[in-house]
Amino acid sequence: MIHLFVTLKDRAVGTFDLPGDRVRIGRHPDNEVQIDSMAVSRNHCVLARAPQGGWVVEDLGSNNGTYVNGARVQQRAAVRDGDVLGIGKFQVSFRSSPSDALATTSAGIGNESPELRELAAPLKGYLIVQNRPGPALPLERDTFLIGAGVGVDLICPGPSRRAMIVRGYGGFQLIDVGPAPGQVTLKGVPVPDRAWLQEGDDLTVGDLQLQFHTGLPNDDQSTMSIQVPMGGFKKPPGFA
């Protein structure tokens, strides 16, 4: 069983709990997950259980590509809990154990449906740059890229891509995407691949000294209200 939570511009549009070892995603109705958008190919990608365990995603020659945590999949790539797939303009959060994810993200919310728990989960965070002047940096999207390349969210001299912070179903992960190991640390320890972030964690990326916080900067307590019709969460047209 895998759990996929689909968002468009950070707004929830669909959730899927799917059994089996192979799940196809695309625009055509014969896919297990249908996303009816012209930015999504008819048969876009497939998630499959790997022979050695875990899951992989394979791009099926899509026009716009498939991405894992912001990196384009050349043919296939491993997918782990908390990873975010980019499919057209949509973001798909992946979990292979949804019950565990709900336990970590919905404490104190009660007995609502999984969809309502996801919508209510406080997945908000921000970074403070400790050795560079400037305001706190909200983590407003599912991926936050640090490096020197075009389109990064925080500039750090050196390689075009150094690190990425991914907001997934279970929280925030720090991922080392740089060409050389040891350039990304969490609490003084090099990040070998990825690590979950906790409130107040200190991290370094190249010469940047950062601190991670949950919530919103400057004690901003603004919220967004989502109206759910009687009868519970319903998937919009175009979602199987």
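Is Lys187 buried or exposed? In this predicted model, Lys187 is exposed, with a relative accessible area of 60%, a value that lies over the 50% cut-off and therefore places the residue in the exposed class. Lys187 is found in the loop that runs between strand 18 (184-186) and strand 19 (189-190), and its phi is positive, at about 55°, although Lys187 is not a glycine.

A positive phi also occurs at Asn69, where the angle is near 55°, again in a residue other than glycine. Asn69 likewise belongs to a loop, namely the one between strand 7 and strand 8 (71-72), but Asn69 is buried, with a relative accessible area of 5%, whereas Lys187 is exposed. The surroundings of Asn69, when residues up to four places away in sequence are not counted, consist of contacts with Asp83, Val84, Thr143, Met164, Val166, Ile175 and Arg194.

Strand 7 (residues 66-68) contains Tyr67, which is partly exposed, with a relative accessible area of 28%; this value falls between the limits of 20% and 50%, and Tyr67 is therefore assigned neither to the buried nor to the exposed class. With residues up to four places away in sequence left out, Tyr67 touches Arg72, Val73, Val84, Leu85 and Gly86. The C-alpha atoms of Tyr67 and Gly88 are separated by 9.1 Å, the two residues being 21 places apart along the chain. Val84 appears among the contacts of Tyr67 and also among those of Asn69.

Considered as a whole, the protein chain holds two helices and 22 strands, and 44% of its 240 residues count as buried. Among contacts between residues at least 6 apart in sequence, 42% join residues at least 24 apart. The accessible surface of the chain comes to about 12300 Å², with 51% of this area belonging to carbon and sulfur atoms.

The largest nonpolar core comprises 23 residues, of which Ile2, Leu4, Ile25, Val33, Leu47, Val57 and Leu85 touch the most other members. Two or more residues are given to this core by each of strand 1 (2-8), strand 2 (11-18), strand 3 (22-26), strand 5 (45-49), strand 6 (55-59), strand 10 (84-87) and strand 11 (90-95). A second core, separate from this one, has 21 residues, including Leu127, Ile146, Val191 and Leu208. Within the largest core, Val33 is one of the residues that touch the most other members; when residues up to four places away in sequence are not counted, its contacts are Leu4, Phe16, Leu18, Val23, Arg24, Ile25 and Gly26. Leu85, which is also listed among the core residues that touch the most other members, is one of the contacts of Tyr67.

The second largest pocket encloses about 420 Å³ of space and is lined by 22 residues, of which Gly70, Gln91, Arg141, Asp142 and Thr143 lie nearest its centre. The elements that give two or more residues to this lining are strand 10, strand 11 and strand 14 (143-147), and strand 10 gives the most, with four residues. By class, the lining is made up of eight nonpolar, seven polar and seven charged residues. Strand 10 and strand 11 thus appear in the lining of this pocket and also among the elements that give two or more residues to the largest nonpolar core. Thr143, one of the residues nearest the centre of the pocket, is in addition a contact of the buried Asn69.

Technical notes: Residues are numbered from 1 along each chain as its sequence is written. This is a predicted model: local features need pLDDT of at least 70, side-chain atom pairs count only at pLDDT 80 or more; totals for chains, interfaces and linings use all residues. Side-chain values use heavy atoms; hydrogens and water are left out. A nonpolar core is a set of buried Ala, Val, Leu, Ile, Met, Phe, Trp, Tyr and Cys residues joined through side-chain atoms within 4.5 Å. Buried means under 20% relative accessible area, exposed over 50%, partly exposed in between (1.4 Å probe, protein chains only). Contact means heavy atoms within 4.5 Å. On a 1 Å grid over the protein atoms alone, a cavity is a set of points where a 1.4 Å probe fits but cannot get out, and a pocket is an open set with protein on both sides within 12 Å along at least five of seven lines; lining residues have an atom within 4 Å of a point. Grid points are joined across faces, edges and corners, and a volume is the space filled by probe spheres set on the points. Ala, Val, Leu, Ile, Met, Phe, Trp, Tyr, Cys and Pro count as nonpolar, Asp, Glu, Lys and Arg as charged, and the others, Gly among them, as polar. Accessible areas come from the Shrake-Rupley method with a 1.4 Å probe; for residues, only the protein chains shown count as cover.
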